[in-house]
Amino acid sequence: RSTAQRSGRAVEIRSRTCGPEVWARFEAGDAAGYRDGIVAAVRAALRDEPAGAPAVVLSQVSMADAAPDCEGLGAKVFCALPSGLEAALARLARPS
């Protein structure tokens, strides 16, 4: 939010979880089931938004494998690991 405020943009952040059954798949080592559960949760969250959502953030590094499967659902998808790494690299590349 603070970044959006500094740039003069208004944002609304809504938190959603995938549910305990999706995490149980992760804990059981069911990578495909975990990924499918994340994609289903993103699809449901976007469907529940009256005007859709411009972006979805997969906030756990373990969700990175689901990001490509979420593309094309109607929102830009960001994932914690690549987005954080890109931001850090961009900051390091700026002259001091």
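This text goes through one helix, two paired strands and the largest pocket of a predicted model.

Helix α3 covers residues 31-48. At 1.5 Å a residue, its 18 residues should span 26 Å, and the end C-alpha atoms are 26 Å apart, so the expected and modelled lengths agree. The buried residues in α3 are Gly33, Tyr34, Gly37, Ile38, Val39, Val42, Ala45 and Leu46. An α-helix has 3.6 residues a turn, so residues three or four places apart point the same way. The cover over the buried residues of α3 includes α2 (20-27), β1 (55-58) and α4 (67-70).

Strand β1, part of that cover, pairs with β2 in the parallel sense, over four bridges. Within this pairing, Val57 has Phe78 of β2 as its bridge partner. Strand β2 runs over residues 76-79, and its side chains alternate. Val77 and Cys79 point to one face and are buried, under 20% relative accessible area; Lys76 and Phe78 point to the other face and are not buried. In a regular strand, such alternation between the two faces of the sheet is the rule for side chains.

The largest pocket holds about 1,000 Å³ of space. Its lining consists of 29 residues, and those nearest the centre are Arg14, Ser15, Ala55, Val56 and Val57. Val57 is thus named twice, in the strand pairing and at the pocket. At least two lining residues come from each of α2, α3 and β1. Helix α3 gives the most, with six residues. By class, the lining of the largest pocket has 19 nonpolar, six polar and four charged residues.

Definitions and conventions. Residues are numbered from 1 along each chain as its sequence is written. This is a predicted model: local features need pLDDT of at least 70, side-chain atom pairs count only at pLDDT 80 or more; totals for chains, interfaces and linings use all residues. Side-chain values use heavy atoms; hydrogens and water are left out. The expected span of a helix is 1.5 Å times one less than its number of residues. Buried means under 20% relative accessible area, exposed over 50%, partly exposed in between (1.4 Å probe, protein chains only). Contact means heavy atoms within 4.5 Å. Two strands pair if DSSP finds at least two bridges between them. On a 1 Å grid over the protein atoms alone, a cavity is a set of points where a 1.4 Å probe fits but cannot get out, and a pocket is an open set with protein on both sides within 12 Å along at least five of seven lines; lining residues have an atom within 4 Å of a point. Grid points are joined across faces, edges and corners, and a volume is the space filled by probe spheres set on the points. Ala, Val, Leu, Ile, Met, Phe, Trp, Tyr, Cys and Pro count as nonpolar, Asp, Glu, Lys and Arg as charged, and the others, Gly among them, as polar.
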